[in-house]
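Please read the sequence and the model below together. The text after them goes from the whole chain to single residues.

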Amino acid sequence: MKTSRFLDPARNFAEARRHSEVRLDPLTGHSSRILDFPIKKIDREDLSALVEGSRAFCPFCPEVVELVTPKFHPDLLKKERYSQGEALCVPNVFPYDENGAVCVMCRQHYVPLLDFTAPMLEDALSCCFAYLKDVVVNQPDMIYQSVNWNYMPLAGGSLVHPHLQITASSSSTNYYTDMVPALREYEHTHGRDFWQDLSDEERASGERCFGATDDITWLTAFAPLGVFDVLAVLHHAHDPEDVRGELLKELVQGILRVMGYIDSLNMYSLNMSLYFLLDNSLFVPHLRICPRVSIPPFGTSQINYMKMLHNETLTTMRPEDVCNDLKAIWEGRAT
Ligand SMILES: [Zn+2]
């Protein structure tokens, strides 16, 4: 805990104290700061101009999607496109890597957070997993696999039409680069699995664990990567194709609840990643969801020099408070 002292003009220059807490991630040591600022409830944003304006040209709307989106190269994938229900997975025309795809989640151009349904998300994720399964058939070194979501432009989404971004790469991102050696070190030091220990500890304390079954532990991260950071650990899965049936249903149900919580805070945007690492049994698949906000009155970005150049997260929401709210939702007590 850090205390900053200054002379406060609002109180006739009497001494004022402000507190902040530096927290270290129990695995990677990544630090985040929880700031003790009064939290003002965000006003609900009117998105109608953004939504209407974005209809003028949308490559993902059903009238044009088959005509204007690319097809997978036959050297690389078995199918030209992957589909499941309304979900359609096609190559990303602006790839970050050898294998980048987008999954158009549904036919509807704009879906408010509360209007996403379980079948919609189950189909979209299954469609991504089918693509990921096929990627490694001809390219076995594409072991860093993830399904990601930038929901709305505030979170980096370049189109309003709901779509996921899927990557399968031979190159690690910094996330994996930090985590994989730390997992190895943890196992070497403790002789145990980090994810099981994390889950056992968090379930026992209950401070940050708001949902737990045999298959998934739902937590708020102790040292969050965003305003808040929901972490779901899929204990018995390893590859994307393991996430199906009841496990997929349970995961989607949780995602929908978190989306409902984000909406209840008048936030409307989020980033989500579901991470896999195929060649390493120490890496257990997990999901993170962080909401995105802008700060009134100027629409200031939440990403300032701290995140951008120091890789340090700032938030005013204590993970334990967020956990309490999510517990109420999980237990059906939320209003
Ligand atoms: Zn559209």
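What follows describes the overall fold, then two helix contacts, then a few individual positions.

The model is predicted, not experimental. The protein contains eight helices and 16 strands. Its radius of gyration is 21 Å, close to the 20 Å that the globule rule gives for 335 residues, so the protein is as compact as a globular protein of that length. Taken along the principal axes, the box filled by the C-alpha atoms is roughly 70 × 55 × 40 Å. Buried residues make up 36% of the 335. Among contacts with a separation of 6 or more, 63% are between residues 24 or more positions apart.

Helix α6 takes part in both of the helix contacts described here. The partner in one of them is α3. Helix α3 covers residues 118–138 and α6 covers residues 245–264; their axes come within 9 Å and cross at roughly 120°. The two helices are therefore oblique to each other, because an angle that is neither under 35 degrees, nor over 145, nor from 65 to 115 counts as oblique. The crossing of α3 with α6 is right-handed. On the α3 side, the residues in contact are A118, L121, E122, L125 and S126, and on the α6 side they are L248, K249, V252, Q253, I255 and L256. By class, this contact has seven nonpolar, two polar and two charged residues.

The other partner of α6 is α8, which spans residues 319–330. Here the axes come within 10 Å, and the crossing angle is again roughly 120°. That angle makes α6 oblique to α8, and the crossing is right-handed. From α6, the residues R257, G260 and Y261 meet D325, L326, I329 and W330 of α8. The residues of this contact divide into four nonpolar, one polar and two charged.

Next come some positions in loops. C58 sits in the loop between α1 (48–54) and α2 (65–68). Is C58 buried or exposed? With 18 C-beta neighbours inside 10 Å, C58 counts as partly exposed, because a residue needs 20 or more to be buried and 12 or fewer to be exposed. Leaving aside residues up to four places away in sequence, C58 touches H109, L159 and H161. The distance from C58 to L256, C-alpha to C-alpha, is 25 Å, with their positions 198 residues apart in sequence. L256 is one of the α6 residues that meet α3.

Some backbone features are also found in loops. P296 and P297 are joined by a cis peptide bond, with omega about 5°. P297 lies in the loop between β14 (294–295) and β15 (300–301).

Which residues have a positive phi without being glycine? F13 is one of them, with a phi of about 60°. F13 belongs to the loop between β1 (2–8) and β2 (14–24). With 10 other C-beta atoms within 10 Å, F13 is exposed. N311 also has a positive phi, about 50°, and is not a glycine. N311 is placed in the loop between α7 (305–310) and β16 (313–315). N311 has 12 other C-beta atoms within 10 Å and is therefore exposed, since the exposed class takes in residues with 12 or fewer.

Two further exposed positions can be located against other parts of the chain. S205 is in helix α5, which covers residues 194–205. S205 has 10 other C-beta atoms within 10 Å, so S205 is exposed. From S205 to H161 the separation is 44 residues in sequence and 40 Å in space, C-alpha to C-alpha. H161 is among the residues that C58 touches.

K41 lies in the loop between β3 (31–35) and α1. Only 7 C-beta neighbours are found inside 10 Å of K41, so K41 counts as exposed. K41 and C103 are 62 residues apart along the chain, and 33 Å separates their C-alpha atoms.

Technical notes: Residues numbered from 1 in each chain as written. Predicted model: local features only at pLDDT ≥ 70, side-chain atom pairs only at ≥ 80, totals over all residues. Helix = DSSP H or I, 4+ residues; strand = E, 2+ residues; numbered from the N terminus. Rg over C-alpha atoms; globule rule 2.2 N^0.38 Å. Contact = placed C-beta atoms within 7 Å. Axes fitted to C-alpha atoms, helices over the stretch in contact; angles between N-to-C directions. Left-handed = near helix turned anticlockwise from the far one by under 90°. Nonpolar A, V, L, I, M, F, W, Y, C, P; charged D, E, K, R; others polar.
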